[in-house]
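Visitor: I would like a close look at one kind of contact between side chains, and at the parts around it. Please begin when the model is on display.

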Amino acid sequence: MEPSAEHVFKNPFSQITYKMHLILTVGRLLMENGADSDRTTRYIMRTAAYMGIPAENVSCHIMYTSILLNIKNEERTYTELCKCRKHSVSMSVLAAVSRIIWRAMRDAWSLERFEKELDCIQSRRNPYSNFATAIGSSFACGGSCLLFGGDLIAFFITAVCAFFGFYTRIGCNKRGFNNYAGIAIAAFVATSLAALSQNIVHSTTPMHPIAACALFIVPGVPLINAADDMLNNFIMAGTTRAIHTLLIVGSMAFGTAIALHLGRITDFATISLSPGDIYFYHPLAAAISAGGFSLLFNVPRRVLWAVSVGGAIAVLLRNICMFDFGLSQATGTLIGGGVVGIVALSAIHWFHVPNVVLTTPSAIPLVPGILLYRLLFTFLNINDVSTEILLQALRHGIEAMTIIISIAIGVAIPNIFWSRQIRRNKIAQEKKLLASRFVDQDD
């Protein structure tokens with residue numbers, strides 16, 4: 001005889017294997033679609049609370065490629081392991097998982113209904129087609145070119161080269177190429193086209209497309225998550241993310257190095273990336289970049305404009321701090337990201353999405369991908385560079401890591417300063433929903 005729904009939820013260990021399977025499915029969906037380890041842990045605990053399992057009976061260990069879940073009572077301990085086999089970024093999935101957990105609490109869903117909704121999330125298609133994502137990524141790279149001081153002609157050259165590079169990567173993935181090999185090939189194609197454009201189209205900043213055309217590959221979200229994991233004491237997960245992102249940037253630098261060697265371009269590492277108009281031109285470029293990359297991250301359509309505005313605000317505040325007050329780029333980035341994080345904390349009540357959906361894509365224009373890119377490119381050409389260029393590349397790498405940590409701290413400022421209040425509010429909301437559910441069942 002099947003246990004009643006009331007029995008399943010009031011008895012924490014009724015159908016425990018089934019419950020653990022669903023909890024791990026939630027964790028896997030989050031990790032495979034760009035959630036940081038702290039958020040994944042919180043959602044796992046929230047799902048367990050929905051199923052009637054007390055928090056003190058639940059333990060989970062988050063790693064980049066697997067999740068270990070342990071649930072115990074006075075008599076037995078249950079342990080299950082779930083593998084995370086792919087890693088991409090989909091803010092739509094993160095928003096959908098958050099939404100169904102709250103709805104399951106509020107509407108007293110059965111476990112079968114909850115599983116059905118999880119299956120729907122797993123089987124849903126991306127909100128944007130490959131063509132739309134390619135266009136968005138192209139304009140995002142073009143916006144980055146403008147942020148580096150490129151002109152409008154360089155913007156369009158960058159967009160065209162990035163478009164073909166993006167489709168090259170899609171083709172490599174469809175043919176089952178190794179992920180890092182596909183990245184290197186895509187970077188090679190985009191950079192080769194940018195190098196060829198110097199002989200075809202006249203631009204006052206001809207080298208800027210070469211610097212920006214492959215930036216759609218730079219793993220901005222994993223970089224931020226790596227720093228966030230380490231700051232939240234998820235050292236193993238953060239270290240693995242960091243190594244993975246370095247391999248991606250290294251593959252990108254390798255493909256670019258081959259393209260530049262064949263094109264006989266030797267001054268890539270010394271390109272001047274000085275900005276143009278920092279108070280109008282830069283925020284507009286940042287809005288284009290944040291909006292374009294949002295398509296790559298599968299941000300829900302209804303918040304695209306908010307993410308673009310957030311990117312513009314973050315870059316504008318960074319520029320004001322740097323150029324008006326003489327602060328360092330890392331400090332300006334911290335302030336810009338922090339303001340966006342605080343604004344997003346209020347905006348989540350308007351858009352009904354987790355704050356990460358608004359803050360992380362908005363912070364992407366702040367990510368110093370070009371600095372890491374130059375560092376690894378210099379290492380690949382270490383026999384041909386001077387000591388001065390090598391030291392400059394090392395400085396760029398250190399500066400890049402400082403800025404990335406500043407971004408992670410900035411977007412997490414609400415959780416840093418108001419974490420207890422936020423957590424108390426969430427727990428109170430959970431208890432209210434769960435109490436009403438059990439009252440309804442008793443009635």
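Visitor: How many salt bridges does a search of the whole structure find?

Guide: The search of the whole structure finds six salt bridges, a salt bridge being a side-chain nitrogen of Lys or Arg within 4 Å of a carboxyl oxygen of Asp or Glu. Before the details, note that this is a predicted model, in which local features need pLDDT of at least 70, side-chain atom pairs count only at pLDDT 80 or more, and totals for chains, interfaces and linings use all residues. Residues are numbered from 1 along each chain as its sequence is written, and side-chain values use heavy atoms, with hydrogens and water left out.

One of the salt bridges joins glutamate 32 to arginine 28, with 3.3 Å between the closest N and O atoms. These two residues lie four apart in helix 2 (residues 16-32), so about one helical turn separates them. Helices here are DSSP runs of H or I with at least four residues, strands are runs of E with at least two, and both are numbered from the N terminus. Glutamate 32 and arginine 28 are both buried, where buried means under 20% relative accessible area, exposed over 50%, and partly exposed in between (1.4 Å probe, protein chains only).

Another salt bridge has its four-residue spacing in helix 17 (residues 387-411): glutamate 399 and arginine 395 are again about one helical turn apart. Their closest N and O atoms are 3.7 Å apart. Glutamate 399 is partly exposed, at 24% relative accessible area, and arginine 395 is partly exposed as well, at 47%.

A further salt bridge links the side chains of aspartate 107 and arginine 106, at 3.0 Å from N to O. Aspartate 107 has a relative accessible area of 38%, which counts as partly exposed. Helix 4 covers residues 91-107, and alanine 108, which follows this helix, has a positive phi near 55°. As background, most residues other than glycine have a negative phi. Helix 4 has 17 residues and spans 24 Å from its first C-alpha to its last, close to the 24 Å expected at 1.5 Å a residue; the expected span is 1.5 Å times one less than the number of residues. Since 13 of its 17 residues are buried, helix 4 is largely enclosed by the rest of the structure.

That leads to the interior. The largest nonpolar core has 130 residues; such a core is a set of buried Ala, Val, Leu, Ile, Met, Phe, Trp, Tyr and Cys residues joined through side-chain atoms within 4.5 Å. Helix 4 gives the most to this core, with 11 residues. The members that touch the most other members are Ile71, Val97, Phe114, Ile217, Met252 and Leu358. Setting aside residues up to four places away in sequence, phenylalanine 114 touches nine named here in part, including Thr47, Tyr50, Ile100, Ile101 and Ala104; contact means heavy atoms within 4.5 Å.

Two of those partners, Thr47 and Tyr50, are among the buried residues of helix 3. Helix 3 (residues 37-50) has 14 residues, and 12 of the 14 are buried. At its start, a side-chain oxygen of aspartate 36 comes to within 3.1 Å of the backbone nitrogen of aspartate 38. After helix 3 comes glycine 52, with a positive phi near 85°.

Ile71, listed above for its many core neighbours, falls within strand 2 (residues 66-72), where five of seven residues are buried. Strand 2 pairs antiparallel with strand 1 (residues 58-62) over five bridges, pairing being at least two DSSP bridges between two strands. Isoleucine 62 stands opposite isoleucine 67 there, and a hairpin of three residues joins the two strands. On to strand 3 (residues 77-83): seven bridges join this strand to strand 2, also antiparallel. Lysine 72 has threonine 77 as its bridge partner, and four residues lie between strand 2 and strand 3 in their hairpin.

For the overall setting, the protein has 18 helices and three strands, and 55% of its 443 residues count as buried.

Definitions and conventions. A polar contact is a pair of N or O atoms within 3.5 Å; within protein, one must be able to donate a hydrogen and the other to accept it, and residues adjacent in sequence count only if both atoms are side-chain atoms.
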